[in-house]
Amino acid sequence: ADFEMQDDGWDYGYVDYNTGVAFSVTESEVDGKWITIETNDLTGEIVKRISEYDPVTDKNTETEINYLSQIAYDNDSQASSETRTNSFVINDDGGYSMVQTVTSTNDENYTRTETYNDDGTTTITTLGTVWYEMRLLSL
């Protein structure tokens, strides 16, 4: 892809080689947040991703907002959205845990904890509601 720098960011395009669909992308930093706006050149659908790191809480938050068209984007008429917050915790045994909290407008709301123990074992726990094979499951 050819990159063109634009005010603290850049514009570029790419083709998804699995589908053959072209996308136009703009990435930039706005008020300490990294924002990516990806437009499907075939359908006009837009995905806006916002990433922000908070050094006080040591958490990274990513929000993905889907719009069905440029008009919907201009009017902030969201088709759906999902927010993921990640944090890391040092455990008493010397290992660490990654805690991810997810909320979405599609009723998917859960907390996933991946614990990497000092002995090399890993434990993954998910609590909440999760979409799996087209069903909303409560865990």
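Biologist: What percentage of the 139 residues of the protein count as buried?

Modeller: Happy to help, and please keep in mind that this is a predicted model. A residue counts as buried when its relative accessible area is under 20%. Of the 139 residues of the protein, the share that meets this is 25%.

Biologist: Which pattern does the protein follow along the sequence?

Modeller: Let's start with the elements: the protein has one helix and eleven strands. Read along the sequence, they give the pattern β-β-β-β-β-β-α-β-β-β-β-β.

Biologist: Is the protein more spread out or less spread out than a compact globule?

Modeller: For 139 residues the globule rule gives 14 Å, while the radius of gyration of the protein is 18 Å. The latter is well over the former, so the protein is more spread out.

Biologist: What box do the C-alpha atoms of the protein fill?

Modeller: Here the directions matter, as the box is taken along the principal axes. In that frame, the C-alpha atoms fill roughly 50 × 35 × 30 Å.

Biologist: How far apart are the mean positions of the positive and negative charges of the protein?

Modeller: The protein carries 7 positive and 28 negative charges. Taking the mean position of each group, the separation comes to 7 Å.

Biologist: Which element of the protein has the lowest mean pLDDT?

Modeller: For the protein as a whole, the mean pLDDT is 91, and 95% of the residues reach 70 or more. Among the elements, helix α1 (residues 70-74) has the highest mean, 97. Where pLDDT is low, the predicted coordinates should not be read in detail. The element with the lowest mean, 56, is strand β1 (residues 4-5).

Technical notes: Residues are numbered from 1 along each chain as its sequence is written. This is a predicted model: local features need pLDDT of at least 70, side-chain atom pairs count only at pLDDT 80 or more; totals for chains, interfaces and linings use all residues. Side-chain values use heavy atoms; hydrogens and water are left out. Helices (H or I, at least four residues) and strands (E, at least two) are DSSP runs, numbered from the N terminus. The radius of gyration is taken over C-alpha atoms; the globule rule is 2.2 Å times the number of residues to the power 0.38. Buried means under 20% relative accessible area, exposed over 50%, partly exposed in between (1.4 Å probe, protein chains only). Lys and Arg count as positive and Asp and Glu as negative; His and the chain ends are not counted. The place of a charge is taken as NZ of Lys, CZ of Arg, CG of Asp or CD of Glu. pLDDT is the predictor's confidence in each residue, from 0 to 100.
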